[in-house]
Amino acid sequence: MENYTVDEYALCTRFKSKRKKKRLVKEDFDKQLIQLRKLEKELWNKRQNLPLVPLEIPYQKGWQRNFKLRDDIVRSSEAPFYIELLEKINTWQFSSEKAFKRKKKRKRKYVYVEKFQTVKEFSEWEWKSSKLELTEKEKAHFYRRERWCSNWKQYRIHYVFNEPWRYVLRVSPYMITHTKMVDSDLESQMQLIENYIVNHHLREKINRLVNGYSNTWKFYRKENPKEKNPIKNKSLHALYEQYADEMIENHGK
């Protein structure tokens with residue numbers, strides 16, 4: 001025994017060393033967090049799948065705005081085609097006021113301007129997806145457009161409907177006729193899990209275990225092509241040669 005260290009003796013006697021015990025405890029805790037995430041997702045899906053209960057007395061909650069086919073197009077022979085297309089590209093907006101205006105700062109003052117609304121546009125990924133419900137005839141009414149996206153910090157491709165004048169906006173009351181069923185036991189379980197995660201600051205750790213990263217915005221962040229660094233990925237030797245060439249050219253002038 002005198003000639004052996006503690007770790008060697010533990011290895012010979014098949015006892016777990018202190019380091020291995022610590023690692024096993026950590027791995028067991030990580031597995032518990034993964035199972036907790038699965039349980040949280042399962043409970044969330046159960047809450048989403050709860051049925052709707054009709055209200056005895058429906059009530060109005062603001063206004064809604066969507067598109068409808070223009071009156072002269074309704075009387076034309078092409079009406080069925082554009083009505084079917086509208087079901088796939090229609091959009092809705094909701095507001096507490098019928099005017100559908102938003103506050104905007106202009107010349108150090110806040111003014112109210114009308115909210116902008118268009119029919120649905122498709123990203124490049126959606127356009128090439130097999131789940132796209134548009135037919136070839138309907139795709140012919142869209143054109144490819146490249147637009148700067150401030151969220152992604154790069155230019156993005158969109159497919160835009162080329163005849164928006166065929167549709168007009170329609171404002172109508174937004175009526176609440178149903179409400180989601182509430183399961184008190186389910187809500188209690190979800191709140192217990194949420195309190196445990198928040199109080200012990202485990203949300204980022206769970207995200208790293210399940211997704212491989214803690215913050216989504218860091219994972220998707222890309223370089224802004226408008227603000228490219230001219231010396232990025234260049235060696236000091238190449239930068240010195242570039243500097244020397246510029247100095248020679250300026251000296252010659």
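A strand, in the sense used here, is a DSSP run of at least two residues marked E, and strands are numbered from the N terminus. By that rule serine 95 has its place in strand E2, which covers residues 93–95. The structure in which this strand is found is a predicted model, and serine 95 will serve as a starting point for a walk through it.

Before the details, an overview may help. The chain contains ten helices and eight strands, and 22% of its 253 residues count as buried. Its accessible surface comes to about 20800 Å², with 52% of that area belonging to carbon and sulfur atoms. Among the contacts in the chain with a separation of 6 or more, 67% are accounted for by residues 24 or more positions apart.

We can now return to serine 95 and the sheet around it. Strand E2 belongs to an open sheet of three strands, which has the order E2-E1-E8 and antiparallel pairing. In this sheet E2 and strand E8 (167–180) stand at the edges, and because each has a single partner strand, one side of each is left without a neighbour in the sheet. Neighbouring strands here are turned against each other by 40° on average, if direction is ignored. Between E1 and E2 the antiparallel pairing runs over three bridges, and in E2 it is serine 95 that stands opposite tryptophan 63.

Is serine 95 buried or exposed? Its relative accessible area is 11%, and since buried means under 20%, serine 95 counts as buried. Leaving out residues up to four places away in sequence, serine 95 touches Gly62, Trp63, Phe100 and Lys115, so that the tryptophan standing opposite serine 95 in the pairing appears among these contacts as well. A polar atom of the serine 95 side chain also lies 3.1 Å from the backbone oxygen of glutamate 97.

Further along the chain, strand E3 (residues 101–106) and strand E4 (residues 109–114) run antiparallel and are joined by six bridges. Arginine 106 stands opposite lysine 109 in E4, and the hairpin that these strands make has two residues between them, with lysine 107 taking a positive phi near 55°.

After E4 comes a loop leading to E5, and valine 119 lies in that loop. Although valine 119 is in a loop, this residue is buried, because its relative accessibility is 9% and the cut-off for burial is under 20%. Apart from its neighbours within four places in sequence, valine 119 is in contact with Phe67, Ile89, Thr91, Phe161 and Tyr167. Its C-alpha atom is separated by 9.4 Å from that of lysine 88, although the two residues are 31 residues apart along the chain.

The next sheet is also open, with three strands in the order E5-E7-E6 and antiparallel pairing. Strand E5 (122–123) and strand E6 (142–149) stand at its edges, each with a single partner strand, so one side of each has no neighbour in the sheet. E6 and E7 pair over eight bridges in the antiparallel sense; within this pairing arginine 147 has arginine 156 in E7 as its bridge partner, while arginine 145 stands opposite histidine 158 in E7. The hairpin of E6 and E7 has four residues between the strands, and in it lysine 153 takes a positive phi near 60°.

Which helix lies across E5, E6 and E7? That helix is H4, which runs at about 150° to E7. H4 also packs on the sheet that holds E1 and E8, touching both of these strands, and its direction makes about 120° with that of E1.

The interior can be described through the largest nonpolar core, which has 19 residues, and in which Ile89, Phe122, Phe142, Phe161 and Tyr167 have the most contacts. Two or more residues of this core come from each of strand E1 (52–69), helix H4 (79–89) and strand E7 (154–161), and the largest share, six residues, comes from H4. Tyrosine 167 touches many residues beyond four places away in sequence, including Phe67, Tyr82, Leu85, Leu86, Ile89, Val119 and Phe161. Apart from this core lies another one, of ten residues, among them Leu36, Leu50, Met190 and Ile197.

Technical notes
Residues numbered from 1 in each chain as written. Predicted model: local features only at pLDDT ≥ 70, side-chain atom pairs only at ≥ 80, totals over all residues. Heavy atoms only, no water. Pairing = 2+ DSSP bridges. Core = buried A, V, L, I, M, F, W, Y, C linked by side-chain atoms within 4.5 Å. Buried < 20%, exposed > 50% of the residue type's maximum accessible area, 1.4 Å probe, protein only. Contact = heavy atoms within 4.5 Å. Areas by Shrake-Rupley, 256 points an atom, 1.4 Å probe, with all protein chains shown as cover. Polar contact = N/O pair within 3.5 Å; in protein donor to acceptor, adjacent residues only side chain to side chain. Axes fitted to C-alpha atoms, helices over the stretch in contact; angles between N-to-C directions.
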